[in-house]
Amino acid sequence: MSFRIEKKLFINPKNLFDFKKFLEKNKVVKLHNSRFVKSLYFENKRNEMYLDSIEGILPRKKIRIRTYPESNNFNTYLEYKYSSIEGRYKENNQITEDKKNFFLSNGIFDKKYGLCKPKLEVMYKREYYQKNDVRVTIDTDISYKFYSKRKIAKDKITAVELKTKISKDLDELFENFPFQEIRFSKYCNGLNLLNKI
């Protein structure tokens with residue numbers, strides 16, 4: 001189990017160009033081409049993962065199936081994302097198409113949350129950058145929809161995350177960082193936006 005530290009930033013889409021210039025100035029290099037990411041989140045009948053996230057309760061987790069729609073490899077992953085006092089970590093296991101379809105039909109049983117069914121689809125475009133042990137991702141064109149429903153909500157926010165296993169590198173990068181840190185969850189934001197329309 002490898003814990004990591006995550007920082008989430010608020011970047012006004014109008015300032016995205018300046019933010020990328022800031023990364024370039026600080027020698028944060030682009031890792032590879034951007035790609036679209038699709039995450040399908042699972043939830044129980046009482047929406048306890050959503051409520052735990054909103055309240056900031058620890059420990060907590062999110063369960064999702066992640067795919068890369070425009071990728072040539074068609075890989076599918078079952079992911080458990082944990083938040084705890086020690087930090088955050090993620091379990092990531094590749095699954096077959098048959099296994100994915102089984103989870104979509106029958107749900108996923110979790111020891112803490114019980115039976116969890118498909119709840120929310122999140123789609124976005126992700127860019128990847130890195131400096132030493134710090135990885136920076138920029139997510140744009142974020143959209144949400146309830147599973148098996150047509151209604152779509154678009155998110156205006158640009159989601160930026162900084163992730164590292166070693167806090168001192170993240171602190172060094174933050175010393176001259178002119179951007180606001182926020183608490184942000186695509187899963188929670190998606191549910192909030194969809195419930196308003």
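# Strands, a pocket and a cavity in a predicted model

Lys-38 stands opposite Thr-67 in strand β3. The model described here is predicted. This report starts with strand β3, moves on to a buried glutamate and to strand β7, and then turns to the empty spaces and the backbone.

## Strand β3 and its neighbours

Strand β3 covers residues 60–67, and eight of its eight residues are buried. In a regular strand the side chains alternate between the two faces of the sheet. On one side of β3 are Arg-60, Lys-62, Arg-64 and Arg-66, and on the other are Lys-61, Ile-63, Ile-65 and Thr-67. Both of these faces are covered.

Strand β3 pairs with β2 (residues 29–43) through five bridges, and the two strands run antiparallel. It also pairs with β4 (residues 76–84), again in the antiparallel sense, over eight bridges. In that second pairing, Ile-65 is placed opposite Leu-78 of β4.

## A glutamate in β4

Glu-79 belongs to strand β4. Is Glu-79 buried or exposed? Glu-79 counts as buried because its relative accessible area is 1%, and the cut-off for buried is under 20%.

Which side chains make polar contacts with the side chain of Glu-79? One is the side chain of Arg-64, at 2.8 Å. Another is the side chain of Asn-92, at 3.1 Å. Arg-64 is also one of the buried residues of β3. When neighbours within four places in sequence are left aside, the residues in contact with Glu-79 are Lys-62, Ile-63, Arg-64, Arg-66, Lys-90, Glu-91 and Asn-92.

## Strand β7 and its partners

Strand β7 pairs with β2, with β6 and with β8. The table lists these pairings, each with a pair of residues that stand opposite each other or are bridge partners.

| Strand pair | Sense | Number of bridges | Residue pair |
|---|---|---|---|
| β2 and β7 | antiparallel | 12 bridges | Lys-30 and Tyr-129 |
| β6 and β7 | antiparallel | three bridges | Ile-108 and Cys-116 |
| β7 and β8 | antiparallel | 11 bridges | Leu-120 and Phe-146 |

Strand β6 spans residues 108–110. It forms a hairpin with β7, with three residues between the strands. Strands β7 and β8 form a hairpin as well, with two residues between them.

## The largest pocket

How much space lies in the largest pocket? The volume is about 700 Å³. The pocket is lined by 37 residues, and those closest to its centre are Lys-8, Arg-60, Arg-88, Phe-184 and Ser-185. Several elements give two or more residues to this lining, namely β1, α2 (48–55), β3, β4, β5 (87–95), β7 (114–131), β10 and α5 (186–194). By class, the lining has 19 charged, 10 nonpolar and eight polar residues.

Arg-60 ties this pocket to the strand described at the start: it is among the residues closest to the pocket centre, and it is one of the buried residues of β3.

## The cavity

How many cavities of 30 Å³ or more does a search of the whole structure find? The search finds one. The largest cavity has a volume of about 30 Å³. Its lining consists of Lys-8, Leu-9, Ala-159, Val-160, Glu-161, Ile-182 and Phe-184. At least two lining residues come from each of β1 (5–11) and β10 (158–164). Strand β10 gives the most, with three residues. The cavity lining has five nonpolar and two charged residues, and no polar ones.

## Details of the backbone

The peptide bond from Leu-58 to Pro-59 is cis, and its omega is near -5°. Pro-59 sits in the loop between α2 and β3.

Asn-47 is not a glycine, yet it has a positive phi of about 55°. This residue is found in the loop between β2 and α2. Its relative accessibility is 25%, so Asn-47 counts as partly exposed.

Asn-132 is also not a glycine and has a positive phi of about 55°. Where does Asn-132 lie? Its place is in the loop between β7 and β8 (134–146), the loop of the hairpin that these strands form. Asn-132 counts as exposed because its relative accessibility is 57%, and the cut-off for exposed is over 50%.

Terms used
Residues are numbered from 1 along each chain as its sequence is written. This is a predicted model: local features need pLDDT of at least 70, side-chain atom pairs count only at pLDDT 80 or more; totals for chains, interfaces and linings use all residues. Side-chain values use heavy atoms; hydrogens and water are left out. On a 1 Å grid over the protein atoms alone, a cavity is a set of points where a 1.4 Å probe fits but cannot get out, and a pocket is an open set with protein on both sides within 12 Å along at least five of seven lines; lining residues have an atom within 4 Å of a point. Grid points are joined across faces, edges and corners, and a volume is the space filled by probe spheres set on the points. Helices (H or I, at least four residues) and strands (E, at least two) are DSSP runs, numbered from the N terminus. Ala, Val, Leu, Ile, Met, Phe, Trp, Tyr, Cys and Pro count as nonpolar, Asp, Glu, Lys and Arg as charged, and the others, Gly among them, as polar. Buried means under 20% relative accessible area, exposed over 50%, partly exposed in between (1.4 Å probe, protein chains only). Two strands pair if DSSP finds at least two bridges between them. A polar contact is a pair of N or O atoms within 3.5 Å; within protein, one must be able to donate a hydrogen and the other to accept it, and residues adjacent in sequence count only if both atoms are side-chain atoms. Contact means heavy atoms within 4.5 Å.
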